[in-house]
Amino acid sequence: MTTAAIIVAAGRGLRAGGGVPKQWRPLAGRRVADWTIERFCGQVDYVVLVLSEDDDDAWAEFQDSPLILTKGGSDRAGSVRNGLQALDGMSVTNVLIHDVARPCVSSETIQQVLTALQEHPAAAPGLAVTDALWAVDGSVVTGTQDRAGLFAAQTPQGFHYDSIVAAHKTHPGGAADDVEVARAAGMDVAIVQGDADNIKITRPEDFARAERILGTDMDVRLGNGYDVHRFGDGDHVILCGVKVPHDRSLQGHSDADVGMHAVTDAIYGALAQGDIGQHFPPSDPQWKGAASEIFLRHAVELAGKMGYCISNIDCTLVCEFPKIGPHVPAMRDEMARIMGLHGDQVSVKATTSERLGFTGRSEGIASLATACLVKS
């Protein structure tokens, strides 16, 4: 089953103040959109970000990211249709549609919707209305409304991909959300338990509430990784996924990528899930000569399953030779690609040991890494 999320971020959102669309306003040290995008990291296979066509800064910023970018429509429904079209031909089974202005959505809510889609064609989180409801004329209460059976709608709203695509093609427009589109096409929509913290930022005062939620909800994990491999015969080394010419090669059971191994162990460490050797025993012949990308991807996927997003990675390579500097941009790009991160979330650097110890004698290469994970 292949899953995707469409994050609708093409709106103007100026009612919340600040002079810029609310998705780009700062919130708890980051922007609203950054929090929202991160919530879906590792939760789904693809993330589509729907941007305003004239938002040049956003297009330039995310152009080289793992996100799939597409332009917004004339209204929300048009933006969603463009997001669905961007996934055409990618064999997506289920799709989540989420408002960028809900940065506090939890991984539990996301997973509840995905789980419900195993038995229903559509599912969405909702909160039962508990307050009394008034009918009002101007500033005067004119009556009450029965709240029995009423729920406050939230996102992400999830659907079987083919079904919601077909529903949007036949809908005349003007729907409040995608659940309305689905119901108009005859789809049954299951309600999963919503979350009071999954607020939609609409008014200026909502930013303060969202900051309080994010501040109390943050679970930050740090992990350290260390690895070393000795030199042997060969004509290159693999470091952080990049082939670097050298008069010797690193020896190991896998491809001996000492940098990627340290980063992988740092992620496992932050999750308190052991190390590479526990997940991929060197005694198992199937991992003989294996690409270290396999190990790193497993660690990243495990983090996602446990509800964590990778905030940043810092990797230091310790060696006299080969010279690392010329290859750092390629190493950062490759590590970011594998982990589904932006380039500025990955640091790769190198140092020598002043010709002291085994690295100083050019007997091998060591690597140290730190990973920061945040509960999504």
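How many cavities of 30 Å³ or more does the structure hold? In this predicted model, the structure holds 1 such cavity. The legends below begin with the whole protein and then turn to close-up views.

**Figure 1. Overview of the predicted model.** The protein has 376 residues, and buried residues make up 48% of them. Its secondary structure consists of 12 helices and 19 strands. Taken along the principal axes, the C-alpha atoms fill a box of roughly 85 × 40 × 40 Å. Among contacts with a separation of 6 or more, 69% are accounted for by residues 24 or more positions apart.

**Figure 2. The largest cavity and its lining residues.** The volume of the largest cavity is about 30 Å³. Its lining is made up of Arg76, Ala77, His168, Ala175, Asp177, Asp178 and Val181. Two helices, α3 (76–86) and α6 (178–184), each supply at least two residues of this lining. By class, the lining of the largest cavity divides into 3 nonpolar, 1 polar and 3 charged residues.

**Figure 3. The largest pocket.** The largest pocket contains about 1,300 Å³ of space. It is lined by 46 residues, of which Cys41, Gly42, Met339, Gly340 and Leu341 are the closest to the centre of the pocket. Several elements give two or more residues to the lining, including the strands β3 (30–31), β4 (46–51) and β17 (308–318). The helices that do so include α1 (32–39), α2 (56–62), α4 (107–116) and α11 (328–339). Helix α10 contributes the largest share of the lining, 6 residues. Sorted by class, the lining of the largest pocket has 20 nonpolar, 13 polar and 13 charged residues.

**Figure 4. An aromatic cluster of Phe280, Trp287 and Phe295.** A search of the whole structure finds 4 aromatic pairs. In one of them, the ring centres of Phe280 and Phe295 are 4.7 Å apart and the planes meet at 40°, so this pair is tilted. Phe280 lies in the loop between α9 (276–279) and α10 (293–305), whereas Phe295 belongs to helix α10; the two residues are 15 residues apart, and the pair links distant parts of the chain. Trp287 and Phe295 form an edge-to-face pair, with 6.3 Å from centre to centre and 75° between the planes. Together, Phe280, Trp287 and Phe295 form one aromatic cluster. Are Phe280 and Phe295 buried or exposed? Both Phe280 and Phe295 are buried. The relative accessible area of Phe295 is 4%, and Trp287 is also buried, with a relative accessible area of 15%.

**Figure 5. Two arginines over aromatic rings.** Arg25 lies over the face of Phe207, at 3.9 Å from the ring centre. In a second example, Arg30 is placed over the face of Trp35, at 5.1 Å from the ring centre.

**Figure 6. The buried residues of helix α4.** In α4, the buried residues are Ser107, Thr109, Ile110, Val113, Leu114 and Ala116. An α-helix has 3.6 residues a turn, so residues three or four places apart point the same way. What do the buried residues of α4 pack against? Their partners are helix α1 and the strands β1 (3–9), β6 (94–99), β7 (122–128), β11 (157–160) and β12 (189–193).

**Figure 7. The surroundings of Val47 in strand β4.** Val47 counts as buried, at 12% relative accessibility. The C-alpha atoms of Val47 and Ala5 are separated by 4.8 Å, although the two residues are 42 residues apart along the chain. Which residues does Val47 touch, not counting residues up to four places away in sequence? Val47 touches Ala5, Ile7, Phe40, Leu67 and Ile68.

**Figure 8. The surroundings of His236 in strand β14.** His236 is found in β14, which covers residues 236–239. At 24% relative accessibility, His236 counts as partly exposed, whereas Val47 in the previous view is buried. His236 and Arg248 are 12 residues apart in sequence, and their C-alpha atoms are 6.0 Å apart in space. Not counting residues up to four places away in sequence, His236 touches Lys243, Val244, Pro245, His246, Arg248, Ser249 and Leu250.

How values were computed
Residues are numbered from 1 along each chain as its sequence is written. This is a predicted model: local features need pLDDT of at least 70, side-chain atom pairs count only at pLDDT 80 or more; totals for chains, interfaces and linings use all residues. Side-chain values use heavy atoms; hydrogens and water are left out. Rings of Phe, Tyr and Trp (its six-membered ring) pair if their centres lie within 6.5 Å; planes under 30 degrees apart count as stacked, over 60 as edge-to-face and the rest as tilted. Helices (H or I, at least four residues) and strands (E, at least two) are DSSP runs, numbered from the N terminus. Buried means under 20% relative accessible area, exposed over 50%, partly exposed in between (1.4 Å probe, protein chains only). A charge sits over a ring if NZ of Lys or CZ of Arg is within 6 Å of the ring centre and within 35 degrees of the ring normal. On a 1 Å grid over the protein atoms alone, a cavity is a set of points where a 1.4 Å probe fits but cannot get out, and a pocket is an open set with protein on both sides within 12 Å along at least five of seven lines; lining residues have an atom within 4 Å of a point. Grid points are joined across faces, edges and corners, and a volume is the space filled by probe spheres set on the points. Ala, Val, Leu, Ile, Met, Phe, Trp, Tyr, Cys and Pro count as nonpolar, Asp, Glu, Lys and Arg as charged, and the others, Gly among them, as polar. Contact means heavy atoms within 4.5 Å.
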